[in-house]
Amino acid sequence: MNSINFSLYIHWPFCVQKCSYCDLNSHVRDHIDENLWVSALINEMRTMKKCIPNAKLISIFFGGGTPSLLSALNINLIIQEANKLWQLDLQTEITLETNPSSLETRNLVEFKQAGINRISFGIQSLDNQILKLLNRSHNAEEAMFCIDKAITIFDNISVDIIYALPTQTLTTLQNTFSQLLPKKIQHISIYELTLHQNTKLYNQIEKQELHLPKEDAVSDQYNLILQECERFGYYRYEISSFSKKGYKSIHNTSYWKSRNFIGIGPGAHSRCFISSSNIEDNIFIQQPNDGLDLQTYDHSLKLQRQAAIQKTNSIQYYEIENEKIPEKWLSKVQKLGYGTKNCFVLEQTVQIQEFIMMGLRMTEGIKISDFYKRFNQNLCAVLNSNKIQKLIDYKYLDMDDENIKLTNEGIIRHSAICHYLLFTDN
């Protein structure tokens with residue numbers, strides 16, 4: 001198997017407190033043995049190395065949860081293990097998601113020394129009322145202090161902002177951007193609030209204790225974001241992502257371009273081309289059912305491995321999903337060396353749909369040659385030409401011999417356009 005480029009995601013599932021809007025795989029625990037969990041993360045990395053032995057690691061992303069709760073020593077251990085397995089270089093982007101609170105601020109220098117070269121702050125807002133409503137662990141003053149300190153340490157800083165929030169107005173949003181954008185920040189991710197069931201904020205909205213802004217107000221907020229980012233020299237390269245020149249997120253671009261990525265930790269996902277010749281040493285065997293004793297499972301595993309090895313060697317695109325509950329993931333890793341819940345070959349039809357949906361998120365769109373290299377098919381033959389022409393006529397889509405991309409009017413209708421292109425009959 002030829003060498004491939006891939007990105008590595010490390011999931012740290014623990015938080016000090018749960019944000020009111022958060023539906024991510026994050027958990028609050030009174031106490032954990034950090035070294036035990038880090039050891040498990042490293043063990044799972046070693047198993048995944050067997051799946052992709054000839055690979056170049058282009059980015060690492062520590063997400064969560066709140067990975068900045070990890071000690072700098074343990075972050076360094078993980079990075080050093082990744083280097084041992086896949087040989088990092090100076091161009092490898094290594095990002096740490098960080099809460100801009102006083103707790104994490106104290107460790108910024110140590111994080112840099114540990115190998116982090118890109119820091120991403122979950123600011124969300126610089127309005128203290130909104131931060132309290134969201135149950136964030138920081139206030140606006142802490143956030144700005146943290147950013148000011150980070151600027152003296154890191155050359156690559158990203159911040160996350162949420163809009164369309166309850167009580168949020170154009171004035172409060174403008175105030176956030178007026179404070180942030182003049183700073184030496186290289187990247188901004190902008191997210192419209194998505195309500196998820198089983199979150200505190202969802203229940204508050206359902207009970208009408210809080211109210212979402214009207215559609216016109218949300219549109220005004222989005223337009224303000226576009227204007228302010230452009231005014232301060234941030235280039236939009238993806239629906240929600242703006243950067244200064246040369247500071248696109250390498251890691252997130254791997255997702256949008258449907259490249260190979262490996263996820264380590266509870267609830268993490270992987271998408272990667274893997275050779276079946278590695279089956280003897282990797283995880284792609286049916287998992288034991290709950291209650292199946294390990295001895296019986298080991299015997300079954302050997303039989304399945306022997307059968308798999310006899311199959312013709314081929315390269316398949318796998319989707320891998322880890323156990324979501326942290327303790328269940330940990331138990332599996334300790335027994336088997338990995339915490340996989342589901343693993344299967346992704347059908348090419350689904351791959352094509354995802355390639356198009358993710359690629360059209362980027363303002364540069366999809367290179368027709370890239371699509372052909374991946375699927376050995378012509379993109380124009382896959383998509384309905386009548387639909388394409390309608391979208392072009394509505395000025396939602398641009399297409400030439402080399403590229404297909406959404407216009408500024410089209411990109412704000414991304415979901416609807418992708419649904420129309422891929423999942424409707426006419």
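In this predicted model, the count of disulfides comes to 0. Cys 22 takes part in no such bond, and the nearest cysteine sulfur, which belongs to Cys 19, is 6.0 Å away. Since a disulfide calls for two cysteine sulfur atoms within 2.5 Å, that distance does not qualify. Cys 22 is also buried, with a relative accessible area of 15%. For Cys 380, the closest cysteine sulfur is that of Cys 418, at 16 Å, and this is too far for a bond. Unlike a buried residue, Cys 380 counts as partly exposed, because its relative accessibility is 42%.

**Strands that pair in the parallel sense**

Strands of a sheet pair through backbone hydrogen bonds, and they do so either parallel or antiparallel. Strand E1, residues 4-12, pairs with E2 in the parallel sense over 9 bridges, and His 11 stands opposite Gly 63 in E2. Of the 10 residues of E2, 9 are buried, so this strand is largely enclosed by the rest of the structure.

A further parallel arrangement involves strand E4, which covers residues 118-124. Strand E3, residues 93-98, is joined to E4 by 4 bridges and the two run parallel, with Leu 96 standing opposite Ile 119 in E4. E4 also pairs with strand E5, residues 157-163, in the parallel sense over 4 bridges, and here Ser 120 stands opposite Ser 158 in E5.

How many of the 7 residues of E4 are buried? The number is 7 of 7, and the strand is accordingly described as mostly covered. Both faces of E4 are covered, with Arg 118, Ser 120, Gly 122 and Gln 124 buried on one side, and Ile 119, Phe 121 and Ile 123 buried on the other.

**An open antiparallel sheet**

Three strands make up an open sheet in the order E13-E15-E14, and their pairing is antiparallel. E13 and strand E14, residues 397-399, stand at the edges with a single partner strand each, so one side of each has no neighbour in the sheet. E13 is joined to strand E15, residues 403-406, by 2 bridges, and these strands run antiparallel. Lys 367 stands opposite Asn 403 in E15.

**The second largest pocket**

The second largest pocket holds about 620 Å³ of space. It is lined by 28 residues, of which Lys 257, Ser 258, Phe 273, Phe 355 and Arg 374 are the closest to its centre. Sorted by class, the lining has 13 nonpolar, 9 polar and 6 charged residues. Several elements each supply at least two residues of this lining, namely strands E1 (4-12), E11 (315-322) and E13 (366-367), together with helices H10 (250-256), H13 (348-359) and H14 (368-375). Strand E13 therefore appears both in the pocket lining and at an edge of the open sheet.

**Residues with unusual backbone geometry**

Most residues other than glycine have a negative phi, and most peptide bonds are trans. The table gathers the places in this model that depart from that pattern.

| Site | Backbone value | Location |
|---|---|---|
| Gly 64 and Gly 65 | cis peptide bond, omega about 20° | Gly 65: loop between strand E2 (55-64) and helix H2 (72-86) |
| Asn 198 | phi about 65° | loop between strand E6 (187-192) and helix H8 (200-206) |
| Ser 258 | phi about 55° | loop between H10 and strand E9 (260-264) |

Are Asn 198 and Ser 258 buried or exposed? Asn 198 is exposed, with a relative accessible area of 78%, whereas Ser 258 is buried, with a relative accessible area of 13%. Ser 258 has already been named among the residues closest to the centre of the second largest pocket, and its positive phi is found although it is not a glycine.

**A buried glutamine in helix H9**

Gln 221 has its place in helix H9, residues 215-231. With a relative accessibility of 2%, Gln 221 counts as buried, because buried means under 20%. When neighbours within four places in sequence are left aside, which residues is Gln 221 in contact with? They are Tyr 163, Ala 164, Gln 168, Thr 169, Leu 170 and Leu 173. Tyr 163 falls within the residues 157-163 of strand E5, and E5 is the strand that pairs with the buried E4.

How values were computed. Residues numbered from 1 in each chain as written. Predicted model: local features only at pLDDT ≥ 70, side-chain atom pairs only at ≥ 80, totals over all residues. Heavy atoms only, no water. 1 Å grid on protein atoms, 1.4 Å probe; cavity = no way out; pocket = protein on both sides within 12 Å on 5 of 7 lines; lining within 4 Å. Points joined across faces, edges and corners; volume = space filled by probe spheres on them. Nonpolar A, V, L, I, M, F, W, Y, C, P; charged D, E, K, R; others polar. Pairing = 2+ DSSP bridges. Buried < 20%, exposed > 50% of the residue type's maximum accessible area, 1.4 Å probe, protein only. Contact = heavy atoms within 4.5 Å.
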